[in-house]
Amino acid sequence: MNSSPEDRRSAHVGLAYDERMCLHATPDGESHPENPERIRAIWRKLEAEGIPDRCILLKIKEAEDAIIASVHTRNHIKLIRNISSKKFDSRRLMIASKLNSIYFNEGSSKAAYLAAGTVIEATENVANGNLDSAIAVVRPPGHHAEANEAMGFCLFNNVAIAASYLLNERAELSMRRILIVDWDVHHGNGTQNMFYSDPRVLYFSVHRFDFGSFYPAGSDGSHCMIGEDQGVGYNINVPWEHGQCGDADYLAVWDHILIPVAEAYNPDIILISAGFDAAMGDPLGGCCVTPYGYSVMLKRLMKFADGKIVLALEGGYNLNSLANSVFACAKTLLEGSPIVGNFEGRPFESTWRVINEVRNELKTYWPVFSIDLPEEILISNVERYPIQAGINSSSDSDVEKDLEPSNAINFSSNNDVGDLILPLSKLNVDDGDSGELSHLRSQQNQPGTSEAYENSKEVTTETCNDLFHWRSSLSKIDVWYGSYGSNMWKPRFLCYIEGGKVEGMTKPCRGAMDKTPPKDIIWKSVPHRLFFARSYSNTWGHGGVAFLNPQSNINDKSYMCIYRITLEQFNDLLIQENATTEQFESPLVDSRDIEFLVKSSFMSVESIKGGWYSNILYLGEQDGIPILTMTCSLSDVEKFKSGELPVCAPPKAYENTLLKGLLEGTELSSEEAIGYLKDAVARNL
Ligand code: X5A
Ligand code: ZN
């Protein structure tokens, strides 16, 4: 280094990488997002930029069982130790298949021990002052690994092991307060659990939560999880409601949650669970943090703990953004200032809501949170919303089951609804070509194909120029949405508009972007047959859900509650009902589709074909406004008739919701309403 004596010495930054961590790979050579190329790509980039020469290269060590045992069970350690041995050859696949998102091969044990050992080595040398800071380029990642279980591509919980090592084995280093910052796009369930009642470790995670539907789904990542016993207040979750979060959102969280807490906590060392799957273009994360964003996030943490920071790689699946982000972090540690850059845009409206919820939840433990946020940031005249609600959210459908909410459309600078109204896309259902939508769809990532991962970058940039325009035009068109199932009960229907859930629903709805309540509600009856089919839905659990036979019959009569909403809201409803993980830049149903519907009475929406409610029915009009509903396809009806698909009575909670709707909306007595539903269940299709 060519620094003069007056200069502060350049930082001693440790860097760790070992090719042997590439030994862990899928057994059959199948492509997988968590593959050896990830760390190779990082290393190639760092070398090309001359970073290793400016760093202190660390010894790569395997972790010792005795140290791993401070957070993992003996059984788990035994499993990870033995999984690669010859005698497990025949059982490896079987064992992995019983775990959640895990593969094993003959190199897995070695890589897992090296990853954990390397993070320990980096942490120890930062803690004892040999290094100022360090980056451990390791895999497999760690933060999902539980005490007794590998999951989410993670075998050993590298960061948790290192933290526990400092606390329990190296007390003389006086690392009494450890801040773990987990900026991987996923919640680090394993790390949270390991220190849940331990105030010596403050676990902070910002992650996609999507109301509990984002991996690792469930309530662990909720902002209500604040720690317990001695550790209460020392677990902080910032759960995004949706994808597309970027620099502005993350830095708002830094400003209003993490930095104030770090000031109060005064950590002795910071360990970063540094996943880069919230990076722009990541196929799993669907967020858009830039290298500059990571660089600033890191720099803001460097003023704590005397700059003692260890970054340990977690996720990050777009090789380019992964390598560029790690490079940005390395430069930041070395140079003590963020890389050159800037960011545009403002946080989402939801980001302020989330920040407030987190602060509120924790204000008794962190008094700084009692200070209200300045009003001007809460009342913004230009609110920013994510593009379309195509994320795993509540629905009676289960098509999304094992799809990654991948390939979210990224946000570029200009998010405002423009005045410009572009021509609406057309769904050419009549000639079998679904136009733009099928084009978009064909470019979707199919998890498991390497090509898809390579494509992800192009897709993201291609769709980066968000088109809000269809929303503004469809918000000016009214339709009646006809409900015949649980949506007949207004509070349940409102979940699709406002978000949230009512009793009996297993998960909340995302809500529509426009949360205006319906302008009018009317009850009608229609000459279509109501029936209950399927045997399980994500929202209601085991039992059937309501369908309407698309074919009318004058002898049939079903009650219907029709809500006057905008065509924009109808599109958001359609997406939620069909639980698609996709994001659409064009509407699924536009005014030209309505013209088509008026003529042909039903229309299958090609781009959500897998959804159970992808068939739009036109049921005439009311006050000159079309009445639309959604149901299954005619061919599904045939399958329900033949027994190829199950017909099933509804679950109690679901049936009760329909009953409440009928009783509040119609003149039916409760006997009549019950009879009406019983009949729909019992009568043959
Ligand atoms: C470390 C990490 C993601 C697991 C996703 C499983 N894991 N579908 O990013
Ligand atoms: Zn992740």
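Biologist: Let's start with a proline: in which loop is P216 found?
Modeller: Keep in mind that this is a predicted model. The peptide bond from Y215 to P216 is cis, with omega near -10°. As for its place, P216 sits in the loop between β5 (201-208) and β6 (235-240).

Biologist: Where does P140 lie?
Modeller: The bond leading into P140 from R139 is a cis peptide bond, with omega near 0°. P140 itself belongs to the loop between β3 (133-136) and α7 (158-169).

Biologist: How confident is the predictor on average, as mean pLDDT of the chain?
Modeller: Some stretches score low: pLDDT stays under 50 over residues 1-7, and also over residues 389-467. The model has 2 contacts beyond four places in sequence for residues 1-7 and 199 for residues 389-467. Still, 84% of the residues reach 70 or more, and the chain's mean pLDDT is 86.

Biologist: Which residues coordinate the zinc ion (ligand 2)?
Modeller: Along the sequence, the donor residues follow the spacing D-x1-H-x90-D. Their donor atoms sit at 2.0 to 2.6 Å, with OD listed twice for D184, ND1 for H186 and OD for D277. So the zinc ion (ligand 2) is held by D184, H186 and D277.

Biologist: Is D184 buried or exposed?
Modeller: Buried means under 20% relative accessible area. H186 has 4% relative accessibility, so H186 makes the cut. D184 has 1%, so D184 counts as buried.

Biologist: Which side chain of opposite charge is nearest to E314?
Modeller: E314 is in the loop between β8 (309-313) and α11 (319-335). Beyond four places in sequence, the contacts of E314 include P141, H143, D184 and S273. E314 is buried but has no salt bridge, and the nearest side chain of opposite charge, 7.9 Å away, is R38.

Biologist: Why does G14 count as buried?
Modeller: G14 is part of strand β1 (residues 13-16). Leaving out residues up to four places away in sequence, G14 touches I56, L58, L131, S133, A134 and I135. G14 counts as buried because its relative accessibility is 0%.

Biologist: How far apart are the C-alpha atoms of G14 and N125?
Modeller: Along the chain, G14 and N125 are 111 residues apart. In the model, though, their C-alpha atoms are separated by 8.3 Å.

Biologist: Which elements do the buried residues of α4 pack against?
Modeller: In helix α4 (residues 74-82), the buried residues are H76, I77 and I80. They cover an arc of only 100° around the axis, so they are on the same side of α4. R74 and N75 are exposed on the other side. The buried residues pack against α3 (65-68) and α6 (108-127).

Biologist: What is phi of A305 near?
Modeller: A305 lies in the loop between α10 (291-301) and β8, and with 10% relative accessibility it counts as buried. Its phi is positive in a residue other than glycine, near 55°.

Biologist: And what is phi of R534 near?
Modeller: R534 is in the loop between β11 (528-533) and β12 (536-537). At 3% relative accessibility, R534 counts as buried. Phi of R534 is positive too, near 75°.

Biologist: Which residues are linked with E37 and R40 in a network of salt bridges?
Modeller: The side chains of E37 and R40 meet in a salt bridge, 2.7 Å from N to O. Because E37 and R40 are 3 residues apart in helix α1 (residues 37-48), about one helical turn separates them. The network also takes in E19 and R44.

Biologist: Which residue forms a salt bridge with R353?
Modeller: The closest N and O atoms of R353 and its partner E241 are 2.7 Å apart. This pair links distant parts of the chain, 112 residues apart, with R353 in helix α12 (residues 349-362) and E241 in the loop between β6 and α9 (247-265). R353 is partly exposed at 30% relative accessibility, whereas 8% makes its partner buried, and that partner is E241.

Biologist: How many salt bridges does a search of the whole structure find?
Modeller: One more example is D478 with K519, whose closest N and O atoms are 2.7 Å apart. D478 is in strand β9 (residues 478-483), and K519 is 41 residues apart from it, in the loop between α17 (490-498) and β10 (520-526). Over the whole structure, the number of salt bridges is 34.

Key. Residues are numbered from 1 along each chain as its sequence is written. Chains are lettered from A and ligands numbered from 1 in the order in which they are written. This is a predicted model: local features need pLDDT of at least 70, side-chain atom pairs count only at pLDDT 80 or more; totals for chains, interfaces and linings use all residues. Side-chain values use heavy atoms; hydrogens and water are left out. Helices (H or I, at least four residues) and strands (E, at least two) are DSSP runs, numbered from the N terminus. Buried means under 20% relative accessible area, exposed over 50%, partly exposed in between (1.4 Å probe, protein chains only). Lys and Arg count as positive and Asp and Glu as negative; His and the chain ends are not counted. A salt bridge is a side-chain nitrogen of Lys or Arg within 4 Å of a carboxyl oxygen of Asp or Glu. Contact means heavy atoms within 4.5 Å. pLDDT is the predictor's confidence in each residue, from 0 to 100. Donors are N, O and S atoms within 2.8 Å of the metal (3.2 Å for Na, K and Ca); water is not among the atoms, so sites may look incomplete. The arc is that of the directions from the helix axis to the C-beta atoms.
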